[in-house]
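Please open the structure in the viewer and keep the selection panel at hand. The tour proceeds from one selection to the next.

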Amino acid sequence: MSCEDGLTLILPTRGERDISAWIEYHVDLLAGEYGDDFSIIVASEIEPGYRRALENRFIRHFRLEECFFRRIERALDMTTTRNFVLVADDDFLLSLDRREIEDMPDDVISISPKTLRSTGTTVNELIENIHTVAISSHFEFCHDTKEERLVRYLSAPLPSDNSIFYGIFNKDKYRTVLSKHMPFMACLFPACDWTFVAALMAEYKFRSSETSVLLRDTTNVLDLIARELRDIKTMPFQAFMPWAKAIPLHLSLSYIRDVIAPDLLPLLSKEIVRLNMERYDGLVYANLLDPEVGLNRDDIADVVNNSKWLNSEGCVMFQNLFNQTMTL
């Protein structure tokens, strides 16, 4: 397969979910559009139990006990096609438009499939239970300036729907942006998917597709928040407690403000305070906020506005309101 032809589907997965049926489905789908001109790269964190499903000439597999973005990075090193599709192991592509993908303009990094939300464990169950179109499918991000793209992306009701994180991408452009921000992305801070989308949008346009369709499983938002809080307790910024448990999105959102788009500070600050405040209110409402946090709603804007990422001689570090620093 030449670099100019075909398509690669990249699946970063923990390896716990049995994706045998998922693999069979996507091999058939891609073969219908690309013939033999495609491959699927399964990047698992642990040794999967579905080894037989991986014994397919279209499948390449590796195991890497590192973070999600490191596995994507390794998969990109193995990718020989110009474009790739990034999906989750509970996503199903319903359709792809090869001509649309191959005609992606130079100033566009991604073609975002129309994304449908559903519930179920198989593609048939998901199709039978489609209940909404993802928020991001209603918006275009083809504005000429990064200012317009980022302000739109960070404005309500985005970016809480992260569907735009998955889709069709130009490999070289994606790889360049990922390498630039890998020290941050490798930390897997809560909402780092929002951060990476913002990093891509700061450089390139996103184009929406009506002919390519992605079907996504619906995840309970409270489960996501609870997982964020569990993750915080295992990450190397315990010294930043208690505020990290009150506003878990702040490290990622402030990275957008201070590193990705510092020239847009006045425009982005209001939305970043709002997003942190909304998550704080959600934690309080769901009784997920740790009593020891000690921050109330009036404190949040003060913490958000007076703690930031700093660039110093090529080193990126975070300084919080309490004059503590953390270096990537």
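How many bridges join strand 6 to strand 9, and in which sense do the two strands run? The model on display is a predicted one. Select strand 9, residues 205–217, together with strand 6: nine bridges join them, and the two strands run parallel. Within this pairing, select serine 112, whose bridge partner in strand 9 is serine 208.

Now restrict the selection to strand 6, which spans residues 108–118. Is this strand mostly covered or mostly uncovered? It is mostly covered, with 10 of its 11 residues buried.

Next, add strand 8, residues 167–170, which pairs with strand 6 in the antiparallel sense over two bridges. Here serine 110 of the pairing has phenylalanine 169 in strand 8 as its bridge partner.

Then add strand 7, residues 132–133, which likewise pairs with strand 6 in the antiparallel sense, over two bridges. Select arginine 117 to find threonine 132 of strand 7 opposite.

Finally, select the whole protein chain. Its secondary structure comprises 12 helices and 12 strands. The radius of gyration is 20 Å, close to the 20 Å that the globule rule gives for 328 residues, so the chain is as compact as a globular protein of that length. Along the principal axes, the C-alpha atoms fill a box of roughly 60 × 40 × 40 Å. Of the 328 residues, 52% count as buried. To view the charges, select the 35 positive and 51 negative side chains; the centres of these two sets lie 2 Å apart.

Terms used. Residues are numbered from 1 along each chain as its sequence is written. This is a predicted model: local features need pLDDT of at least 70, side-chain atom pairs count only at pLDDT 80 or more; totals for chains, interfaces and linings use all residues. Side-chain values use heavy atoms; hydrogens and water are left out. Helices (H or I, at least four residues) and strands (E, at least two) are DSSP runs, numbered from the N terminus. The radius of gyration is taken over C-alpha atoms; the globule rule is 2.2 Å times the number of residues to the power 0.38. Buried means under 20% relative accessible area, exposed over 50%, partly exposed in between (1.4 Å probe, protein chains only). Lys and Arg count as positive and Asp and Glu as negative; His and the chain ends are not counted. The place of a charge is taken as NZ of Lys, CZ of Arg, CG of Asp or CD of Glu. Two strands pair if DSSP finds at least two bridges between them.
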